[in-house]
Amino acid sequence: MTRTAPDSCPGVLRLHQAADGPLARIRVPGGHLTPAQLVALAAAATELGNGAIELTSRGNLQLRQVRDAAQLTEHATAAGLLPSPTHERVRNIVASPLSGRVGGLADVRGLVGELDARLCAEPRLADLPGRVLFTLDDGRGDVSALGGDIGVHAVGPDEFALLLAGSDTGIRGTGAEAVDLVLAAAEGFLEASSGQWRLHEIADGPARIVESVGLTPGIERVEIEGAQDIPIGWLDQHDGLVALGAGIRLGALDARLAEFLAAVERPVIVTPWRSLVIADLDEWAAEQVVRVLAPMGLIFDAASPWLHVSACAGQPGCAKSLTDVRADVTTAVESGRVLPEGASTDTAGEQVVSAEDVTIAGRQHWSGCERRCGRPRGDVTDVVATPDGYRVD
Ligand code: SF4
């Protein structure tokens, strides 16, 4: 596939004109946020946006209805969220959110900063499309399963597999070599591309990059499994501290709630599943966080129906939408029509039903049109708006 136009991914410096106003996307490599950055984001959402911070399926953040782009740039720059004006849209780096704290074969936290800094330091890599996704997986397989373009996947404490278009190439490197491999592959992407936005769109893209990297693949391959459970609730860290996984309703974090999160004064990690991890808490602090922030909307209960649902922007944010999808899915959750996995329902198999009649069990994604923006990967029931109601695929 050859694209005829550059990608139109928004950033802080290039806003997208959504139906409800300008939209900014802020890259957060590895999802790593400091309390000070959360404070800055909450202030920007309140003073310049619609009061919410949206979490994306790549662990980035969005502000809607941005009233003053120049002020947003100032806020983001001061908070360290815009380290490179030239490279801001290529900093799409997801990393295993629990790495170094809970599970995993290796600690990839240091690779996030190294990859980000070296990506931004190479002028030519500013030409990468804003759609290219880098994945740094600590061996548990959570972010490798997202089908990124270029990534490394730990196969041992100091051994990484190079992944291209979501599959193992057979090329291996140490932790010290991991970022070299990723950057060499990024250079290879630019050489092989004739305008494509994603690696899988380039004919023989992975093979051509393997050749350009100049390393000989081994015969072993890691099988990348499908989607994994979102980390939710109490998680014991290796160091005796506690991490809390918290779901966010439809991925929209209220600015006031973000301020409370910042006040906890611990690292917060944005996950690519529109949830957060609040890390490095002692047990007492973790209990207080649950007690105070659960009533404000953070979801610490893995059985919550909110964790089954996702939705596109819908009306009024998207001009293509046939309906206010997020209002419809909210009504469905609140009226008990989003059921646990495996529950029996009458709504299935290409039916078109009114919003009030949609009743579905398990993971589901609601969309305002056939494009199905933001659909998670894996086994998900699609609920797609049509002129006559929702079709359940
Ligand atoms: S799925 Fe359709 S309605 Fe929803 S955000 Fe995408 S283009 Fe808009």
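**Two buried charged residues, a strand trio and a ligand shell**

Leaving aside its neighbours within four places in sequence, R89 is in contact (heavy atoms within 4.5 Å) with D7, S8, C9, P10, G11, R14, R27 and G130. The structure is a predicted model, in which local features need pLDDT of at least 70 and side-chain atom pairs count only at pLDDT 80 or more, whereas totals for chains, interfaces and linings use all residues. Residues are numbered from 1 along each chain as its sequence is written, and side-chain values use heavy atoms, with hydrogens and water left out.

R89 sits in the loop between α2 (69–78) and β6 (93–95); helices (H or I, at least four residues) and strands (E, at least two) are DSSP runs, numbered from the N terminus. R89 counts as buried because its relative accessibility is 18%, the classes being buried under 20% relative accessible area, exposed over 50% and partly exposed in between (1.4 Å probe, protein chains only). A polar atom of the R89 side chain lies 2.8 Å from the backbone oxygen of C9.

A second charged residue, D149, is placed in the loop between β7 (134–137) and β8. With a relative accessibility of 1%, D149 also counts as buried. A polar atom of its side chain is 2.8 Å from the backbone nitrogen of L199. Not counting residues up to four places away in sequence, D149 touches R131, V132, L133, L163, L164, A165, R198 and L199.

Several of these residues lead to the neighbouring strands. Strand β8 (residues 150–156) runs antiparallel to β9, and six bridges join the two; strands pair if DSSP finds at least two bridges between them. G156 stands opposite E159 in β9, and a hairpin of two residues links β8 to β9. On to strand β10 (residues 167–173), β9 is joined by four bridges, again in an antiparallel arrangement. Here F160 stands opposite G173 in β10. The β9–β10 hairpin has two residues between its strands, and A165 in the turn has a positive phi of about 50°. Strand β9 (residues 159–164) is mostly covered, with five of its six residues buried.

Turning to the interior, the largest nonpolar core has 43 residues, and L61, L253, L261 and L298 have the most contacts inside it. Such a core is a set of buried Ala, Val, Leu, Ile, Met, Phe, Trp, Tyr and Cys residues joined through side-chain atoms within 4.5 Å. Helix α1 (residues 35–48) gives the largest share of this core, seven residues. A second, separate core of 36 residues includes V152, L164, A185 and V210.

Finally, the residues around the ligand (a heavy atom within 4 Å) are C312, A313, C318, K320, S321, G368, C369, R371, R372 and C373. By class, this shell has five nonpolar, two polar and three charged residues; Ala, Val, Leu, Ile, Met, Phe, Trp, Tyr, Cys and Pro count as nonpolar, Asp, Glu, Lys and Arg as charged, and the others, Gly among them, as polar. One of the shell residues, R372, is found in the loop between β20 (364–367) and β21 (381–386). The side chains of R372 and D393 share a polar contact of 2.9 Å, a pair of N or O atoms within 3.5 Å where, within protein, one must be able to donate a hydrogen and the other to accept it, and residues adjacent in sequence count only if both atoms are side-chain atoms. R372 and D382 are 10 residues apart in sequence and 8.1 Å apart in space, C-alpha to C-alpha.
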